[in-house]
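Reader: I would like a close look at a single part of this model, namely one strand and its neighbours in the sheet. Could you take me through it slowly, with the cut-offs behind each term?

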Amino acid sequence: MSLLLHNAFVHTGEAAFANGAILIEDGRVAWSGALADLPPDRTAATRRDLGGRVVIPGLVNAHTHGGLSACRCACDDGDLFQWAAALRSQTSHLTIEDNRQGCRLAVAEMLRNGITTACDCTRYGAGVFAEVASEMGLRSLSGALANSPELRPAGRPNWPLALDETDEAMARHGADGLARFYLGAHSPYSCTPDLLIEVKSAARERGLPFVIHASENRAETRITLERYGATPIRHLHRLGLLDRSTVLAHCVWVDEEEIDILAETGAAVVHNPASNAKLASGIAPVSALRRAGVPVGLGTDSVVSNNRLDLFQEMKLAVLLQRVSSLDGFAMNAADAFRMATSEGARTLGMERETGRLLPGMAADLVVLEIDHPEGLTPERVVSDLVYRITPREVRDVMVAGRFVVEHGALTLADDRETRPSPRRGTSHPTGTIA
Ligand SMILES: [Zn+2]
């Protein structure tokens, strides 16, 4: 199966081509560049004229909680701990069916918003997000975050249940191609050191990434300091949990030495600017992290702390917040944010060879956007518009692994009506899906 997308402004993530084209073979980019440079022997069974629209790599949402889309607006106020307490009381009735419905809503919203890869977290039902995502055409890295019941009492213990669910899901999705898995722990403050070590060891044994929330809120730093005599990053480092396969969500409260630890160990960070602002957590030192060589992706977090799964918003906020917190108008620019939402986001998830750029050999994960400019498109204007101006309304078509999963703004692999919010609730035993 081969397809040539042509008559487009193509930004591959590395270079831009005004009269660009992308040749797709078996779900992968076979060639990309200016149409005039397409070798004459490279032909395609089908051609699609994109009418001068803009093509970019699919966006990577490096941190979210799809299940929580079942309870949009459950809690809009308070800092992280006040918000989490209020959310717990609002979500204790949630069932695995609710989790599944939340995942459907989240995947639908993400695909319509140009997100082609998402890293999802839950407490129960480690395989649910992947099942829904693969069915609807989204690339996923998913799993569950373990926690210690004595430190985080709501709900049933979820370890080693999460391990069994993940092993089962991996066996089920073996040949799927879209679904990958991690093993994770909720945070340094809701997991005992023994549990953290156990989860990381299980991840190492299986060659899986290890995902954890860390240094999200200032009070968290105080808790781990009092309990373990170390701030969260130092604590995780002492336990030997930081390496190139470790993905840390947030890292708002990290000092210079902790930034150096992250850089030396190769751990990656996911920045969630809207969620961190909404929960009064603070502004992560993204510029300093990236300067030190720490890869930083962008995440939306859940709709309960955001309330949109929209990486265009996150790109803009990421730049604006770095500038306003440093009073430096050069602290971060649009190209930085675009990279974080694509190739650098993919790197944080260990998927940089698979997605995030439209280069030969990589997956054909892309977004077709309705962007024009009064003076014509240039690479600078396109990147500027991507970060500062446009919204998901400009997303027209979305392709994942060579297949259009959104066309003219509508999902192609799911019934549109079923992916709209519905008040129905499941009937099985409530587990709670907060993570
Ligand atoms: Zn989270």
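Author: S140 in strand β8 stands opposite A179 in strand β9, where strands are DSSP runs of E with at least two residues and helices are runs of H or I with at least four, both numbered from the N terminus. This is a predicted model, in which local features need pLDDT of at least 70 and side-chain atom pairs count only at pLDDT 80 or more, while totals for chains, interfaces and linings use all residues. Residues are numbered from 1 along each chain as its sequence is written, and side-chain values use heavy atoms, with hydrogens and water left out.

Strands β8 and β9 (residues 179-181) run parallel and are joined by 3 bridges, two strands being paired if DSSP finds at least two bridges between them. S140 is also the bridge partner of A118, and 6 bridges join β8 to strand β7 (residues 115-122), again in parallel. Between β7 and β8 the chain passes through helix α3 (residues 128-136) in a right-handed β-α-β crossover, meaning that, with the strands pointing away from the viewer, the path from the first strand over the helix to the second runs clockwise.

Strand β10 (residues 183-185) is likewise parallel to β8, with 2 bridges between them, and here L145 has G184 as its bridge partner. In β8 (residues 139-146), 8 of the 8 residues are buried, so the strand is largely enclosed by the rest of the structure; buried means under 20% relative accessible area, with exposed over 50% and partly exposed in between, using a 1.4 Å probe and protein chains only.
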